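Please examine the structure shown here. A reader's questions about it are answered in turn.

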Amino acid sequence: MIPNVKTPPAFPILVFNQNYTQARPLGPYIKARFGWFWQVPGTATIQVKRDHPLADRLMQCKRDVVPIRTVYNGKKWNGRVMHCEVEGVPGEEIVTATCIGDLFWLATILCWVNPLFPPSVQVGLTGKQDIMFGPIDFVFKWFLARNSIRLGKPIHMRLPIDYSGPELPQLDDLDSLDDIIDAISGLADDMCVINARFTRADELFDTVLADSERGMDMDMHVPALDGDSGQVFNTDTLGRLQNILDLSGDNFLYFTNPDNILGLLDPDTWGKVTNPGLIFTTKRKRDRTHMIWRTDNGSITSYKRGVSHPQGSTAIVGGKAPEIANQLVEWGANLAIQFLLNMLIPGANLGTILVGDLFDDIFFAFQAFHDYELEADLGPFGFGEVFADNSGAWTLDALSVGMTKLKEIGPQESLKIEVRSGDPNGRGFSFGTIDDGRHFDIGDEMSFWDRGTIVQDYVSGVEVEDSRGEFCTEYVTIGDDRVVKDGWAKLVGQIGTLAALSRAAAVATG
């Protein structure tokens, strides 16, 4: 643990009103703990005395939005109070507020097939699913922007889109089959295909994040406090325009733009956040492998390692065949029946007998994937099979879904390290965004030395706890429970991407 060398308290916490137009400093607290994570919403717990001036405001979360913000070493935390309780001896009660980060918005937004149509009529250009493919950053923002506009929520997309094309390999560097496989798999590392049909945004994105090098961020931007937002895809204007076109909207067919309702009169405000609003983006991991944690200098205080037993060695994927597969089977069956009937009874004109949808979702609807090596290791008493959730994919990219599921149910190992970040003299590493060579952020790839062995992994989460009169402690989670992929495993994951590209094109034209 590191002594809290900051002027108490360590967290300058602001409590806003509902629409972020006013804020009050929380001031003294008993204890506060804030967490930042790479791919999931942050968390926080705040404890104050019952007679604290803002205790009643924290308790208003039942029927009001109670936004919270703090900053730690330059790193912002934005969220809201989700639960609050009072407990203790009368006259000595403690109020505990449990908070969630703004990335939780993704769990409250459904990605419709067609956000322009009412829920009773859901059909789009790509059929019964909303399908998009391309760079991960673009695809995520595509789905979130369309449905934020539909909901009229101030969630904007950071621009420009973060994507750089893969570098083509040098032929002289391809010395083996493994080198070739690594090169092929790297061509689509930052590409994805997603199908949505009223799927929660966080669940929709999770399938892609599981095999990507990206994290997510949802930053609350308050112009009065944060200044210029930088370039964004502003959803406010389009949300107001959709309200004009919406039969249920207050401004239906009111095209005169009264009182600048579309916010288009000042070009200097275009593409920027002009009112308090959220900015969503994805982030890449950052190379900080020159920063090395060591077990021989006291920086690592403890660690926790866990292993788990496999839940099975076979994954079944499917349930519904892609439309193009159903049509091909139907056409093939019709042609075969017509040919046989005309051969048996020439001139009887029996070729009009059709099978219709008799064979729909029978062929290519289910596929099985096996981990034969694991099955052999476990013997006859190893667990059997599981069904893989295929809500975001069809049969053409079932290989990717199946292999991901096999990995999920297979043998697991995880490692969590509690480290001593920094010291009272300003040496060592500490969490934050200050660019001075000694601060690290979530998503940073760092190095770890233990008895002569160096391992490199990324920071997936950091929690900082500050208690009055005690030490300010940073808890750093290193890595996750996924095994590092080799070239073959990467290629398997990309098969889903390439197959889904062809499926998306077929559905879009079918």
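The following exchange concerns a predicted model and moves from a sheet and its helix to cores and salt bridges.

Reader: In the open sheet of four strands, what is the strand order?

Author: The pairing within this open sheet is mixed. Strands E13 (214-221) and E14 (232-233) stand at the edges, each with a single partner strand, so one side of each has no neighbour in the sheet. Read across the four strands, the order is E13-E15-E10-E14.

Reader: Which residue stands opposite Val-232 in E14?

Author: Strand E10 (residues 155-158) and E14 run antiparallel and are joined by two bridges. The residue opposite Val-232 of E14 is Arg-158.

Reader: At about what angle does H2 run to E15?

Author: Helix H2 comprises residues 136-151. This helix lies across E10, E13, E14 and strand E15 (277-284). Relative to E15, H2 runs at about 165°.

Reader: Is Arg-150 buried or exposed?

Author: Arg-150 has its place in helix H2. Its side chain reaches the backbone oxygen of Leu-110 at 2.8 Å and makes a polar contact with the side chain of Asn-147 at 3.2 Å. The relative accessibility of Arg-150 is 17%, and the limit for burial is under 20%. Arg-150 therefore counts as buried.

Reader: Which strand gives the largest share of the largest nonpolar core?

Author: The largest nonpolar core holds 43 residues, and those touching the most other members include Phe-11, Ile-13, Trp-36 and Phe-440. The largest share of this core is four residues, and they come from strand E25 (residues 453-467).

Reader: How many residues make up the other core, which includes Cys-111 and Phe-205?

Author: This core lies apart from the largest one. Leu-144 and Val-222 are also among its members. The number of residues in it is 30.

Reader: Where in the chain do the partners Asp-162 and Arg-214 lie, and how many residues apart are they in sequence?

Author: The side chains of Asp-162 and Arg-214 meet in a salt bridge, at 3.1 Å from N to O. Asp-162 lies in the loop between E10 and helix H3 (177-186), whereas Arg-214 is in strand E13, so the pair ties together parts whose separation in sequence is 52 residues.

Reader: Which of these two partners is buried?

Author: Asp-162 has a relative accessible area of 27% and is partly exposed. For Arg-214 the value is 2%, and burial requires under 20%. The buried partner is therefore Arg-214.

Reader: With which residue does Lys-285 form a salt bridge?

Author: Lys-285, in the loop between E15 and strand E16 (286-294), is linked to a residue in the loop between helix H4 (201-209) and E13, 72 residues apart. Lys-285 counts as partly exposed at 22% relative accessibility. The closest N and O atoms of the pair are 3.1 Å apart, and the partner is Glu-213.

Reader: What is the relative accessible area of Asp-56?

Author: Asp-56 forms a salt bridge with Arg-50, the closest N and O atoms being 3.0 Å apart. Arg-50 counts as partly exposed at 31% relative accessibility. Asp-56 is also partly exposed, and its relative accessible area is 47%.

Reader: Which residues do salt bridges that share partners join into one network?

Author: The count of salt bridges comes to 16. Through shared partners, one network is formed. Its residues are Arg-69, Lys-76, Asp-219 and Asp-226.

Note on methods:
Residues numbered from 1 in each chain as written. Predicted model: local features only at pLDDT ≥ 70, side-chain atom pairs only at ≥ 80, totals over all residues. Heavy atoms only, no water. Buried < 20%, exposed > 50% of the residue type's maximum accessible area, 1.4 Å probe, protein only. Polar contact = N/O pair within 3.5 Å; in protein donor to acceptor, adjacent residues only side chain to side chain. Pairing = 2+ DSSP bridges. Contact = heavy atoms within 4.5 Å. Axes fitted to C-alpha atoms, helices over the stretch in contact; angles between N-to-C directions. Core = buried A, V, L, I, M, F, W, Y, C linked by side-chain atoms within 4.5 Å. Salt bridge = Lys/Arg side-chain N within 4 Å of Asp/Glu carboxyl O.
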